[in-house]
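Visitor: I am new to this structure and should like to learn how salt bridges are read. Could the Guide please take me through the topic step by step?

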Amino acid sequence: MFSKSRINEPGPKTAGTETDKPKAPETALARTSTDYTPPSSPKIKPAASVLSSDLLITGNIKTSGDIQIEGTVEGDIRAHLLTVGESATIRGEIVADDIVVNGRVVGRVRGLKVRLTSSARVEGDIIHKTIAIESGAHFEGSVQRQDDPLANGVTPKLAPPVPQE
């Protein structure tokens, strides 16, 4: 039943035998189907937050997600994607990667991609990387292109000269 072979015997080994061949590491064995781990699932993007038309917010709003405003906001807004609905009014600065204005904004607009639709009413400066203004949009202010409009400051101004005595 059991037999003793030369492979298991201690002593000198002869060249050219199977025992001289390097063995494959045990960790390199083929995996079975039970070892399968699925790749991490992609993050599901949450739906945009919607502020309804009967809502009045006094204060600042900050989110890393998307937001759609249909009501009135008196304060600054910072978001990833900001959509200003047709019935919305915002009084304050808005800063976002993507901004779509369908309603009214009174204040500065800063975004990588800014779009004013035909129903937009903007009173304030727009600092952007790319901009689109549809026919019929109402805009009063200045437009300035910057490579990084989301930076906290605007183009630095020179300090006034110090008076000499």
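**Reading the salt bridges**

Guide: Side chains of opposite charge can pair when their charged atoms come close. In this predicted model, Glu 123 and Arg 104 form such a salt bridge between their side chains, at 3.2 Å from N to O. The pair connects distant parts of the chain, as Glu 123 belongs to strand 11 (residues 121-123) and Arg 104 to strand 9 (residues 104-106), 19 residues apart.

Visitor: Is Glu 123 buried or exposed, or does it lie in between?

Guide: Glu 123 is partly exposed, with a relative accessible area of 32%. Its partner Arg 104 also counts as partly exposed, at 31%.

Visitor: Which residue forms a salt bridge with Arg 110?

Guide: The partner of Arg 110 is Glu 93, and their closest N and O atoms are 2.8 Å apart. Arg 110 lies in strand 10 (residues 109-116) and Glu 93 in the loop between strand 7 and strand 8 (94-101), so this salt bridge ties together parts 17 residues apart in sequence. Arg 110 is buried, with a relative accessible area of 5%, and Glu 93 is buried as well, at 18%; the cut-off for buried is under 20%.

Visitor: Which residues are joined into one network by shared partners?

Guide: Glu 93, Arg 108 and Arg 110 are joined in this way.

Visitor: How many salt bridges does the count come to?

Guide: The count comes to 6 salt bridges. Another of them pairs Arg 91 with Glu 74, with the closest N and O atoms 4.0 Å apart. Arg 91 lies in strand 7 (residues 89-91) and Glu 74 in strand 5 (residues 72-74), so the pair ties together parts that are 17 residues apart in sequence.

How values were computed. Residues are numbered from 1 along each chain as its sequence is written. This is a predicted model: local features need pLDDT of at least 70, side-chain atom pairs count only at pLDDT 80 or more; totals for chains, interfaces and linings use all residues. Side-chain values use heavy atoms; hydrogens and water are left out. Helices (H or I, at least four residues) and strands (E, at least two) are DSSP runs, numbered from the N terminus. Buried means under 20% relative accessible area, exposed over 50%, partly exposed in between (1.4 Å probe, protein chains only).
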